[in-house]
Amino acid sequence: QVHLVESGGGLVQAGGSLRLSCAASGRTFSGYDMGWFRQAPGKEREVVGTISWNAARTLYSDSVKGRFTISRDNAKNTVYLQMNSLKPEDTAVYYCAARLSVPGAGYGYWGQGTQVTVSS
């Protein structure tokens, strides 16, 4: 079992920055790939980006590429989402999720989410 807790959300003006954190407890954190997802009101949940267990590989959605950066500190069991140049369309509840770093594994562990609101 992996327990995930996000923090760092809030209200920010367009063009501003926020850094989200996701603290993990339970199983060995370094054995999990991590992802950040978001869901805006009335929309489906979408992937923001992912990071492999050893941070060797990161992937981003086209909508955030060049503005958002995912990183992780396995010693602190924490993954981060640095969000710069925020836009009103980035407003959403942001979730972190974990999956075992094995072929075919899905994101089976989710945090409770943290609200990010970007004002224009």
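Buried means under 20% relative accessible area, exposed means over 50%, and partly exposed lies in between. Keep those cut-offs at hand for the tour. The model on screen is predicted.

**Stop 1: the whole chain**

Show the protein chain as a cartoon. Look for strands: there are eleven of them, and zero helices. Read from the N terminus, the elements run β-β-β-β-β-β-β-β-β-β-β. The radius of gyration is 14 Å, close to the 14 Å that the globule rule gives for 120 residues, so the chain is as compact as a globular protein of that length.

Turn the chain along its principal axes. The C-alpha atoms fill a box of roughly 40 × 25 × 25 Å. Now think about contacts with a separation of 6 or more. Of these, 55% join residues 24 or more positions apart.

**Stop 2: the surface**

Switch on the surface. Its accessible area comes to about 6200 Å². Carbon and sulfur atoms account for 49% of that area. Next, colour the charged side chains. You should find 12 positive and 8 negative ones. The centres of the two sets lie 4 Å apart.

**Stop 3: the core**

Hide the surface and go inside. Buried residues make up 41% of the 120 residues. The largest nonpolar core holds 27 residues. Select Met34, Trp36, Leu81, Met83 and Tyr94, which touch the most other members of this core.

Which strands give two or more residues to this core? Select E1 (2-7), E3 (18-26), E4 (32-39) and E5 (46-51). Then add E7 (68-73), E8 (78-83), E9 (92-100) and E11 (114-119) to complete the set.

Centre the view on Met34. Leave out residues up to four places away in sequence. Met34 then touches Leu4, Cys22, Phe29, Gly49, Thr50 and Ile51. It also touches Arg72, Val79, Ala97, Ala98 and Tyr107.

**Stop 4: two loop residues with positive phi**

Most residues other than glycine have a negative phi. Two stops in the loops show the opposite sign.

Select Ala55 in the loop between E5 and strand E6 (58-60). Its phi is positive, about 65 degrees, although Ala55 is not a glycine. Is Ala55 buried, exposed or partly exposed? Its relative accessibility is 37%, so Ala55 counts as partly exposed.

Move on to Ser85, in the loop between E8 and E9. Ser85 has a positive phi of about 50 degrees and is not a glycine either. With a relative accessible area of 40%, Ser85 is partly exposed.

Methods:
Residues numbered from 1 in each chain as written. Predicted model: local features only at pLDDT ≥ 70, side-chain atom pairs only at ≥ 80, totals over all residues. Heavy atoms only, no water. Core = buried A, V, L, I, M, F, W, Y, C linked by side-chain atoms within 4.5 Å. Buried < 20%, exposed > 50% of the residue type's maximum accessible area, 1.4 Å probe, protein only. Helix = DSSP H or I, 4+ residues; strand = E, 2+ residues; numbered from the N terminus. Contact = heavy atoms within 4.5 Å. Rg over C-alpha atoms; globule rule 2.2 N^0.38 Å. Areas by Shrake-Rupley, 256 points an atom, 1.4 Å probe, with all protein chains shown as cover. Lys, Arg positive; Asp, Glu negative; His and termini not counted. Charge placed at Lys NZ, Arg CZ, Asp CG, Glu CD.
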